[in-house]
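Please give a guided account of the structure shown below, written for a reader who has not met it before. The account should proceed in running paragraphs.

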Amino acid sequence: MHRRFVLGTLAIACLSFAAAVVDAAPPPSVETTMKFAPKQRDVDYEIPKPADYPKCKVDGERNGKSFTWVVTGTQGQVLRRFVDSDGDNQFDQYRFYRDGLEVYRDIDSNQNGKVDQFRWLNFGGSRWAIDANEDGAIDQWKSLSAAEASRVAVQSLVSGDSATLQSLMVTAEDLKTLGVNAKLAARLLESAGAAAADARAIVAKSKVLKPDSRWVRFDAQMQGVIPVDEGKARADLYVYENAMAVIESGPAPAQAALVQIGEMIRVGEVWKLTAAPTPIDNTTTTTAGGVLMQPILAEAANDLATAPSPEMQKLIEDLQKLDQAQPQFGVAKPAELSAYNARRADMLMKLTSLAETSDEKAQFLKQCVDGIAAAVQTDTYPEGLARLRQIESEQMRAARPSSVLPFVTYRRIMSEYSVDLKTADTEQRQKIQDAWLKSLEEFVAKFPEADDRPDAMLQVAIAQEFAGKLQEATTWFQRLAKDHAGTVESQKALGAVRRLEMKGKPFSLTSKTLNDLPFSTASYRGKTLLVLYWATWCQPCKEDLPKLRALYQQYQNRGFEIVGVCLDVPVGTRAQQVAQLQPYLEANKVPWPQVYEEGGLNSAPAVQYGVFSLPTMFLIDDKGLVVSRSSSVDELTAVLPQLLTSKQAKKP
């Protein structure tokens, strides 16, 4: 009699493990088991090389009702376990190992075929996360140390994962559990609720947080305890006053920096943040501590004991509940998504009106505007554009200028452009493009201190370059680099100027290959070299590939070489990212080496030469000088034979 073990939604749809009684059915192949990866990105687990698959084994284990497929490596170490823990013929645990120890586990706790829990173990840490709606994202934490909370916070900032960052923030339910004073709780929820919006602005301005930044360690003084008799809560509170995380960026020797994690509070087995983390640079003002560790002055004691209005308290709690039940994009109906976004905007506007200070009002309003703009640009709130225009008009009519006005204006401009393009024909597109550029230029002139000004200038410069107006583009790039030195946008602008002026100049790229080996274009001196920036998602890159392979095969014996610079953004550890890219290279028979650093179009190789579109090609002669900085395959086909013939003619 045979049993069939059914894989849940974690599994690739076309795969299933068919087996049961160990001596009655064959095990799955090693290759099949290696196609499974953890649901979460941050897992450092062992991945054998395909060449070693024949030396690995898959065996069955039975323990009462439980049945497990065990995958072992070349040294007999455990690599994977796929477990049916309750004998219902369906796998409910997917375990991943490093050096023979389990480091991570995906769990289907309710045996419905969908993973709803993630655990890091042994070398991997002690995190335990819950995915309540089974969509692959972390909704809440069951166990999270302070150090690991700081690590997840840094990773969320770097990757732009606002949902995971928000899961680290203290909630109304947490503060109720701890019995925190109502007035104090309102202050904490105000900063925690705006963490995602705050983080986006923080990252945009940061000079130290980069696409390849990585968490190194947690740095904090000993945790403190706030005794119950201080009146801040109904029980003792365990708090880190002002925790930091040490990060590094770039290849060795890496650049170290600090990220202020700020105040942290323990809720059961989970450490939570009370505000968005902040990278520290020479323009950043660090805060001495958070709300909880501030002393209560005698004259302020009564104020602290006074609860905020019941209406505001309930609105904050309702907003958190709404966000936790957010309909899933791509699954929910358009009307459901639109209703969610409209209701969320209504609640934030109401909170804006109820807020007591101008800073609080600005914070809630920015959060509202950011959400509306994102929804408009993803077609999940058709009425949102009219609402943005209304908010902008109200801000313009205000008696005193508001810091929110440029924030609203920029998002209205970008949303308007997105909506107009979707309904435009070919003839209308140019008019829309011209109007958009004019709006951006007006924004740059009108709001010289706006946080979004560097991005607006970069958009104008890129558009001018794509239109073939290279002098105008260079002027904008240079102006951006001068006006906003030190920003990510200025670094890209400097790279773009460098690229536009490269013809006849030396080309230099020092990085690392896909296999983590040192790389330098200097080692190709004496060869004719094509440096190709590409990605698997780039359709023109795919179309060019057969022609490039043919040119490579035809001219390699005459000193022609190609190096790819991959700008994909795969997930997971570097080993996992490489494992995701290798099948594409093998399937498409790409014979030349690949340079790869994390970050895609924000990676160091892309920023160095201001690469904004793919494919981008540099053709370099045997002296290391750039022959062409924007080679197309057709241009390459025409120029390459002449270049190689000229090179041969120069030989004695």
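**A walk through the predicted model**

Serine 415 is found in helix 12, which spans residues 404-422. The model in which this residue appears is a predicted one. Is serine 415 buried or exposed? Serine 415 has a relative accessible area of 0%, and because buried means under 20% relative accessible area, serine 415 counts as buried. Its side chain is joined to that of glutamine 377 by a polar contact of 3.4 Å. When residues up to four places away in sequence are not counted, serine 415 touches Gln377 together with Ala373, Val376, Leu385 and Leu388.

Helix 12 also offers an example of a charge placed over an aromatic ring. The charged end of arginine 411 sits over the ring of phenylalanine 407, at 3.6 Å from the centre of that ring.

The next topic is the packing of helix 12 with another helix. Two packed helices are described by the angle between their axes and the distance between the axes. For helix 12 and helix 13 (residues 426-446), the axes come within 10 Å and cross at roughly 175 degrees. Helix 12 is therefore roughly antiparallel to helix 13, since angles over 145 degrees count as roughly antiparallel. Helix 12 contributes Pro406, Thr409, Tyr410, Ile413, Met414, Tyr417, Asp420 and Leu421 to the meeting of the two helices. On the side of helix 13, the residues are Arg429, Ile432, Gln433, Trp436, Ser439, Leu440 and Phe443.

These two helices belong to a chain whose secondary structure comes to 20 helices and 23 strands. The chain has 652 residues, of which 51% count as buried. Among contacts in the chain with a separation of 6 or more, 58% are between residues 24 or more positions apart.

A contact of this kind can be followed from helix 14 (residues 453-466), where proline 454 is found. Proline 454 is buried, with a relative accessible area of 5%. Proline 454 and glutamate 489 are 35 residues apart in sequence, and their C-alpha atoms are 6.1 Å apart in space. Leaving aside neighbours within four places in sequence, proline 454 is in contact with Glu489 as well as Leu480, His484 and Thr487.

Aromatic residues provide further links. A search of the whole structure finds 21 aromatic pairs. One of them is formed by tryptophan 120 and tryptophan 141, a tilted pair with 6.4 Å from centre to centre and 35 degrees between the planes. Tryptophan 120 lies in strand 8 (residues 117-120) and tryptophan 141 in strand 10 (residues 140-143), so the pair ties together parts that are 21 residues apart in sequence. Tryptophan 120 counts as buried at 4% relative accessibility, and tryptophan 141 counts as buried at 8%.

A tilted pair is also formed by phenylalanine 507 and phenylalanine 618, with 4.9 Å from centre to centre and 45 degrees between the planes. This pair links distant parts of the chain, 111 residues apart: phenylalanine 507 is in the loop between helix 16 (488-500) and strand 17 (510-512), and phenylalanine 618 is in strand 22 (residues 616-620). Both phenylalanine 507 and phenylalanine 618 are buried.

To return to the tryptophans, Trp120 and Trp141 form one aromatic cluster with Tyr45, Phe96 and Tyr104. In addition, the charged end of arginine 127 sits over the ring of tryptophan 120, 4.2 Å from its centre.

The account ends with the backbone. Most residues other than glycine have a negative phi, and most peptide bonds are trans. Where does the model contain a cis peptide bond? Such a bond joins leucine 614 and proline 615, with omega at about -5 degrees. Proline 615 is found in the loop between helix 19 (604-608) and strand 22.

Positive phi values are given for two residues other than glycine. Glutamine 111 has a positive phi of about 50 degrees, and is found in the loop between strand 7 (101-107) and strand 8. Glutamine 111 is partly exposed, with a relative accessible area of 30%. For aspartate 516, phi is near 70 degrees. Aspartate 516 is found in the loop between strand 17 and strand 18 (518-520), and counts as partly exposed at 44% relative accessibility.

Terms used
Residues numbered from 1 in each chain as written. Predicted model: local features only at pLDDT ≥ 70, side-chain atom pairs only at ≥ 80, totals over all residues. Heavy atoms only, no water. Phe/Tyr/Trp six-rings, centres within 6.5 Å; stacked < 30°, edge-to-face > 60°. Helix = DSSP H or I, 4+ residues; strand = E, 2+ residues; numbered from the N terminus. Buried < 20%, exposed > 50% of the residue type's maximum accessible area, 1.4 Å probe, protein only. Lys NZ or Arg CZ within 6 Å of the ring centre and 35° of its normal. Polar contact = N/O pair within 3.5 Å; in protein donor to acceptor, adjacent residues only side chain to side chain. Contact = heavy atoms within 4.5 Å. Axes fitted to C-alpha atoms, helices over the stretch in contact; angles between N-to-C directions. Parallel < 35°, antiparallel > 145°, perpendicular 65-115°, else oblique.
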